[in-house]
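Q: Please take a close look at the salt bridges in this protein. I would also like to know about any buried charge that lacks one.

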Amino acid sequence: MKKKTVQEQLLEYRESVIKELEIWKDHNKRGCVDPFWADGCNMNLTRNHIIYYKGEIAKICKENGLALPEEYYLPLPPEVDNGYMAKLDQKERVQRLRQGGWELTTKKVKYDETQLSLF
């Protein structure tokens with residue numbers, strides 16, 4: 001198997017940041033279907049993926065004397081309440097989560113996509 005070039009690795013991480021941001025925004029708006037974990041828990045996991053990918057971007061750029069790409073500066077979504085649910089219309093899932101001791105909330109978290117960040 002051929003080892004990826006620095007540029008290929010960097011492109012992969014840049015694309016991953018964008019993909020994970022879209023997943024986070026989708027979960028915030030529409031929720032997900034994980035039967036055992038609330039949307040907020042999945043959103044926080046996705047946020048952690050973004051942190052990881054941005055860290056890898058920074059590492060590659062530093063090691064190779066490259067400028068940080070724009071994806072590095074995209075705003076990191078905020079942490080959310082682990083019990084956040086975008087919608088409560090998945091009756092069976094909501095019931096299972098509540099029976100498991102989850103305190104659910106539908107209070108949305110705002111994400112400012114226009115505010116650049118220094119991860």
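A: Here is a walk through the charged side chains, after a short look at the whole chain.

This is a predicted model, so to speak of local features requires pLDDT of at least 70, side-chain atom pairs count only at pLDDT 80 or more, and totals for chains, interfaces and linings use all residues. Residues are numbered from 1 along each chain as its sequence is written, and side-chain values use heavy atoms, with hydrogens and water left out.

First, the setting. The protein has four helices and zero strands. Its pattern along the sequence is α-α-α-α. Helices here are DSSP runs of H or I with at least four residues, strands are runs of E with at least two, and both are numbered from the N terminus. The C-alpha trace spans about 50 × 40 × 20 Å along its principal axes. Of the 119 residues, 35% count as buried. Buried means under 20% relative accessible area, exposed means over 50%, and partly exposed lies in between (1.4 Å probe, protein chains only).

Now the charges. The protein carries 20 positive and 19 negative charges, and their mean positions are 1 Å apart. Lys and Arg count as positive, Asp and Glu as negative; His and the chain ends are not counted. Each charge is placed at NZ of Lys, CZ of Arg, CG of Asp or CD of Glu.

Seven salt bridges are present. A salt bridge needs a side-chain nitrogen of Lys or Arg within 4 Å of a carboxyl oxygen of Asp or Glu. Three of the pairs are described below.

Take Lys4 and Glu12. They form a salt bridge, with the closest N and O atoms 2.1 Å apart. Lys4 is partly exposed at 43% relative accessibility. Glu12 is partly exposed too, with a relative accessible area of 34%.

Next, Lys25 and Glu113. Their salt bridge has its closest N and O atoms 2.8 Å apart. This pair links distant parts of the chain: Lys25 sits in helix α1 (residues 6-30), while Glu113 lies in the segment after α4 (91-99), 88 residues apart. Lys25 is partly exposed at 22% relative accessibility. Glu113 counts as partly exposed at 47%.

Arg96 and Glu92 also pair. Their side chains meet in a salt bridge at 3.2 Å, N to O. Arg96 and Glu92 are separated by about one helical turn because they are four residues apart in helix α4. Arg96 is partly exposed at 30% relative accessibility. Glu92 counts as exposed at 60%. Elsewhere, salt bridges that share partners join Glu22, Lys25 and Glu113 into one network.

Which charge is buried yet has no salt bridge? Glu20 is. This residue is found in helix α1. The nearest side chain of opposite charge is Lys19, 4.7 Å away. Glu20 does have a polar partner: a polar contact of 3.3 Å joins its side chain to that of His49. A polar contact is a pair of N or O atoms within 3.5 Å; within protein, one must be able to donate a hydrogen and the other to accept it, and residues adjacent in sequence count only if both atoms are side-chain atoms. Leaving aside neighbours within four places in sequence, Glu20 is in contact (heavy atoms within 4.5 Å) with Thr46, His49, Ile50 and Tyr53.
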